[in-house]
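Me: Please take a close look at the aromatic side chains in this one, and at whatever lies around them. A connected walk-through would suit me better than a list.

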Amino acid sequence: MLSTEDFDFDLPEELIAQTPLADRTASRLLVMDRATGEIEDKHFSEIIDELESGDALVMNDTRVLPARLYGEKPDTGGHLEVLLLTNTEGDTWETLIKPAKRAKVGTQISFGDGRLKATVIQELDHGGRIITFDYEGIFLEIIESLGEMPLPPYIKERLDDPDRYQTVYAKENGSAAAPTAGLHFTQELLEKIQKKGVQLVYLTLHVGLGTFRPVSVDNISEHEMHSEFYRLTEEAAVKLNEVRASGGKIVAVGTTSIRTLETIGTKFDGEIKADSGWTNIFITPGYEFKIVQAFSTNFHLPKSTLVMLVSAFAGRELTLTAYQHAINEKYRFFSFGDAMFVK
């Protein structure tokens with residue numbers, strides 16, 4: 001049985017990218033062939049060479065909400081930081097609140113001089129709270145004016161342009177974090193890929209709490225993934241089935257696209273159908289991929305569920321070999337870092 005420690009590696013802190021590159025496509029691209037074990041160093045713009053006419057490039061069009069809010073308790077003036085995670089129903093949200101001990105059930109929170117108010121209605125584990133909002137006007141407009149982009153904790157630098165933590169094709173509001181594998185694409189590169197005969201297909205998975213929750217158990221089979229909302233439209237399903245029928249590859253951009261496609265493949269015995277719902281799929285070595293045939297992704301945290309997912313596709317030893325190569329060659333890691341293409 002594999003343990004969390006089996007997916008550990010030493011990452012020098014200076015390799016954690018703190019800011020995005022000026023040109024999205026200027027990142028490096030490590031290309032890993034799981035059949036031969038070959039590893040190549042390229043630039044991200046060369047990803048087009050890994051795609052063939054008739055393939056489908058599948059991207060997650062979720063849009064990150066400026067989901068970090070700073071509020072205060074009207075009765076005491078105490079400050080609270082609230083991170084919106086999942087819109088569960090109506091004006092009710094699952095959140096992370098710091099400090100959680102100050103946010104008991106019934107706690108009132110005021111944001112932006114009372115333009116937005118909230119009440120804690122349920123306590124969850126790990127500082128999680130269910131809260132319900134009260135406001136006048138349009139919720140998303142209020143959030144856009146009051147909220148900050150929720151950058152991951154390992155990024156210490158301030159982000160001057162919030163759009164750099166959005167993909168150029170971000171459309172569906174609802175994520176607590178960006179699907180970072182997509183940050184490398186520009187509209188110009190996507191147009192070139194499309195002109196080559198590659199189908200551009202979009203799905204939605206709203207990245208939630210699982211992004212912020214480390215694997216805390218030693219036996220990975222005991223780890224529980226948090227549920228995230230996904231959607232694949234009828235139009236997208238038709239395109240993917242046409243690509244499949246004509247012998248093209250289904251290439252996913254990022255682990256969120258992989259998890260959505262494999263959730264659907266698992267649910268429908270390998271078939272691709274329009275679907276939406278909540279997924280907590282946890283892909284680890286031993287999993288048989290049903291839809292995805294290649295993918296691009298960023299470099300992930302040691303011992304993370306995402307390294308486990310890449311290992312499930314390429315094998316643990318080859319994945320860790322590729323990661324060590326990336327460290328030796330000083331690739332940039334995590335959200336604003338470089339990418340790898342696994343085929």
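**Aromatic side chains and their surroundings**

Reply: Y323 is buried, and F333 is buried too. Bear in mind that this is a predicted model. Those two residues belong to one aromatic cluster, made up of F9, Y154, F299, Y323, Y331, F333 and F334.

Let's step back for a moment before returning to them. Searching the whole structure turns up 19 aromatic pairs. Take Y165 and F336: their ring centres are 6.0 Å apart and their planes meet at 75°. Edge-to-face is the label for planes over 60 degrees apart, so this pair gets it at 75°. In sequence the partners are distant, with their positions 171 residues apart. Y165 comes from the loop between α1 (139-146) and β11 (172-175), while F336 comes from the loop between α6 (316-328) and β17 (339-342). Are these two rings buried or exposed? Buried means under 20% relative accessible area, so Y165 counts as buried at 1%, and F336 does as well at 5%.

Now back to Y323 and F333, which make an aromatic pair of their own. The pair is edge-to-face, with 5.9 Å from centre to centre and 70° between the planes. Y323 sits in helix α6 and F333 in the loop between α6 and β17. The two are 10 residues apart, and the pair still counts as linking distant parts of the chain.

Arginines come into the picture too. Y331, one of the cluster members, has the charged end of R28 over its ring, 4.0 Å from the centre. R34 does something similar with F313: its charged end sits over that ring, 3.7 Å from the centre.

F313 takes us into helix α5, which spans residues 305-314 and is mostly covered. Nine of the 10 residues in α5 are buried: T305, V307, M308, L309, V310, S311, A312, F313 and A314. What do these buried residues pack against? Their partners are β1 (28-32), α4 (254-267), β16 (294-298), α6 and β17. Notice that α6 is on that list, and that α6 is also the helix carrying Y323. Just past the end of α5, G315 adopts a positive phi of about 95°.

To place all this in the whole chain, look at the domain split: domain 1 covers 4-64 + 161-342, and domain 2 covers 68-148. Their C-alpha centres lie 31 Å apart. Where they meet, 10 residues of domain 1 are in contact with nine of domain 2. Between them the domains bury about 770 Å², and 60% of that is on carbon and sulfur atoms. How many salt bridges does the rule find across this interface? It finds one. As for individual salt bridges, R63 forms one with E144, and the closest N and O atoms are 3.0 Å apart.

One last stop is T86, in strand β6 (residues 79-89). T86 is buried, with a relative accessible area of 10%. If you set aside neighbours within four places in sequence, T86 is in contact with T92, W93, E94 and W278, so two tryptophans turn up around this buried threonine.

How values were computed
Residues numbered from 1 in each chain as written. Predicted model: local features only at pLDDT ≥ 70, side-chain atom pairs only at ≥ 80, totals over all residues. Heavy atoms only, no water. Helix = DSSP H or I, 4+ residues; strand = E, 2+ residues; numbered from the N terminus. Buried < 20%, exposed > 50% of the residue type's maximum accessible area, 1.4 Å probe, protein only. Contact = heavy atoms within 4.5 Å. Phe/Tyr/Trp six-rings, centres within 6.5 Å; stacked < 30°, edge-to-face > 60°. Lys NZ or Arg CZ within 6 Å of the ring centre and 35° of its normal. Domains from an automatic or database assignment. Buried area = accessible area lost by both parts, 1.4 Å probe. Salt bridge = Lys/Arg side-chain N within 4 Å of Asp/Glu carboxyl O.
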